[in-house]
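Work through the following exercises with the sequence and the coordinates open beside you. Each task is followed by a solution that proceeds step by step.

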Amino acid sequence: MNQASTSTTTAVVPLPHRDGMSSSSVRRQLPVWSLESNGTTSSPLTDKCDRHGRQDGICCKEFKDDDDRTLIDTDVVRDIIIGLSDGLTVPFALTAGLSGLGTSRIVVVGGLAELIAGAISMGIGGFLASQAERDHYRFLQRHTYSRVMRSCTGEMEREVYAVLGPVGVDESTSRAVTHCLRKAEDESGFDGSTPVPADGEKPSRGMKSESGLTPFLLKFGEGLEEIPTRRLYISAVTIGMGYLCGGIVPLLPYFFIPRAIKALQYSCILTGIILLIFGTVKARVTGAARNIWGYIWGAVSTMAVGGFAAAAAYGLVVAVESARSI
């Protein structure tokens, strides 16, 4: 008994009481392991926290930054920006150019034809661009896997260290990472004869796992990731609908005002307001705006692009009409 009392004690975490299963106690936070270890018990990685070492006793995950906005997926934001910016700019420039012809009827017919054709074209372009990106990734995936399989351990250690070294990882740690990734690569395997799944969600061309040296070198060495098949359709629909929604804005005044020149004035005002709002929202969702000047710059720069395109188109039509009248 004396020997047992003098032995090294292990870390003890109190369990909740039996009467703590009520709804009020269930919401209480679970026990948190201290960062300090006595060498006999290894605390779970997900439960480590320095809360016990802080004077305020607050976990670091509970702290909030001054700017706590949640950004949207970058791929979706990119497609929305491409669709809306083109939709607000190209049809606006077209309607501004057609306004020099006199009646709003011509502007509406020409604007609607361009709007439908442009939306379909932009959607198909987004689909083909994402498809080309996916095919490019799958080619590099097969090429990288073949290079990994025929390369020695030393060559792979050098490649892994070339990726991890610049961010502060030493050579010994890089060797350990290479060993783990090589082991995962051997376990996952690659079979080039395996057909691609119909849904396209699984790793392409027979890859049985997304772990190993091949995905590591592609993601962190080349900056590439697998493009799922659903991304192709999402990109097409997002860009096409963005173009359609943005392009209908400059046409709205022409539906209600017969004189094209008069409708152009309202179209400029309406499109300018929408461009300002779009530029402000774009600066918000992309994280580009850090203060009020960032929002102002995003709004003004977006409106300037649309205004320049419209002015160029309208000026060209006016110049042509003036040349014909001479």
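**Exercise 1: the nonpolar cores**

Of the 15 residues in the largest nonpolar core, those that touch the most other members are Val 107, Tyr 243 and Tyr 254. Such a core is a set of buried Ala, Val, Leu, Ile, Met, Phe, Trp, Tyr and Cys residues joined through side-chain atoms within 4.5 Å, where buried means under 20% relative accessible area, exposed over 50% and partly exposed in between, with a 1.4 Å probe and protein chains only. The model is a predicted one, in which local features need pLDDT of at least 70 and side-chain atom pairs count only at pLDDT 80 or more, while totals for chains, interfaces and linings use all residues. Residues are numbered from 1 along each chain as its sequence is written, and side-chain values use heavy atoms, with hydrogens and water left out.

Task: determine which elements give two or more residues to the largest core, and which gives the most.

Solution. The elements that give two or more residues are α3 (74–98), α4, α8 (229–256) and α9; helices (H or I, at least four residues) and strands (E, at least two) are DSSP runs numbered from the N terminus. Of these, α4 gives the most, with 5 residues. As a next step, take Val 107: leaving aside neighbours within four places in sequence, Val 107 is in contact (heavy atoms within 4.5 Å) with Thr 95, Leu 98, Ser 99, Leu 251, Tyr 254 and Ala 260. A second, separate core of 9 residues includes Val 160, Val 163, Leu 181 and Phe 216.

**Exercise 2: an aromatic pair**

Task: state how Phe 216 and Phe 220 are arranged as an aromatic pair.

Solution. Rings of Phe, Tyr and Trp (its six-membered ring) pair if their centres lie within 6.5 Å, and planes under 30 degrees apart count as stacked, over 60 as edge-to-face and the rest as tilted. By this rule there are 2 aromatic pairs. Phe 216 and Phe 220 form a tilted one, with 5.2 Å centre to centre and 45° between the planes. Because they are 4 residues apart in helix α7 (residues 213–221), these two are separated by about one helical turn. Phe 216 is buried, at a relative accessible area of 10%.

**Exercise 3: two arginines**

Task: is Arg 147 buried or exposed, or does it fall in between?

Solution. Arg 147, found in helix α4 (residues 104–150), counts as partly exposed because its relative accessibility is 21%. Not counting residues up to four places away in sequence, Arg 147 touches Met 156, Glu 159 and Leu 217. Arg 284, placed in helix α9 (residues 260–285), is partly exposed, with a relative accessible area of 39%.
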